[in-house]
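Trainee: I've got this one open on my screen and I'd like a close look at a single part, the sheet and what packs around it. Could you walk me through it?

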Amino acid sequence: MELRRTVTWRGRTVAWDTVGSGPPVVMCHGTPWSSALWAPFAHALAAEFTVYLWDMPGYGQSSKGPADAVDLGVQGELLAHLLTTWGLGSPHEPPHVVAHDYGGAVALRSHLLHGARYASLCLVDVVALRPWGSDFFRLVRHNADAFATLPPAVHQGVVEAYI
């Protein structure tokens, strides 16, 4: 799904969009994914809800500047900012939030440290405690130079096999 809207926050461009109408639902993706993960679910929920999709900086259609911090602290603060920007900070109609993987830690941090209000929070296969990442991610981190030289077809096969 092409995200048609953007907001600029601390020099980053954050891509986002909505589908449907009704009570708000915010979807938070994990890593290494993007909001595209949620597109089929968003379209299914759109008959009864306004679904907000966004790509965290460093992922999907949002900015990926090499100097931009994209850590958990930044993403959690950004989610709280987005909720306010979208007018979803009201205690009268806070959004439902569905979060996957790293997005769960982002949603928890946004709520616990930045005061974001939720009507409900659904956590799906959440990564919320260290150590972060899988054995595969540790292998890549320790051998980044070798992985950077993979031919495109091999790189694509590795990513598809992992996902």
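In what order do the six strands form the open sheet, and is the pairing mixed or not?

Mentor: First, some ground rules. This is a predicted model, with local features needing pLDDT of at least 70 and side-chain atom pairs counting only at pLDDT 80 or more, while totals for chains, interfaces and linings use all residues. Residues are numbered from 1 along each chain as its sequence is written, and side-chain values use heavy atoms, with hydrogens and water left out.

Now your sheet: the order is β1-β2-β4-β3-β5-β6, and yes, the pairing is mixed. Strands (E, at least two residues) and helices (H or I, at least four) are DSSP runs numbered from the N terminus, and two strands pair if DSSP finds at least two bridges between them. At the edges stand β1 (5–9) and β6 (120–126), each with a single partner strand, so one side of each has no neighbour in the sheet. For a parallel pair, look at β3 (residues 24–28) and β5 (residues 96–101), joined over four bridges; Met27 has Val98 in β5 as its bridge partner.

Next, the helices. Helix α2 (residues 72–85) lies across β1, β2 (12–19), β3 and β4 (50–54), at about 120° to β1. Helix α3 (residues 102–114) lies across β3, β4, β5 and β6, at about 135° to β5. Those angles run from 0 to 180 degrees between N-to-C directions, using axes fitted to C-alpha atoms, for helices over the stretch in contact; contact means heavy atoms within 4.5 Å.

What sits inside? The largest nonpolar core has 26 residues, and Val26, Trp54, Leu79, Leu83 and Trp86 have the most contacts inside it. Its largest share, six residues, comes from α2. Such a core is a set of buried Ala, Val, Leu, Ile, Met, Phe, Trp, Tyr and Cys residues joined through side-chain atoms within 4.5 Å, where buried means under 20% relative accessible area, exposed over 50% and partly exposed in between (1.4 Å probe, protein chains only).

Zoom in on Trp86: leaving out residues up to four places away in sequence, Trp86 touches Trp16, Val26, Tyr52 and Trp54. Ring pairs link Trp16, Tyr52 and Trp86 into a cluster. Rings of Phe, Tyr and Trp (its six-membered ring) pair if their centres lie within 6.5 Å; planes under 30 degrees apart count as stacked, over 60 as edge-to-face and the rest as tilted. By this rule there are four aromatic pairs. Trp16 and Tyr52 are stacked, at 6.4 Å centre to centre with 15° between the planes. Trp16 is in strand β2 and Tyr52 in strand β4, so their pair ties together parts 36 residues apart in sequence. Both Trp16 and Tyr52 are buried.
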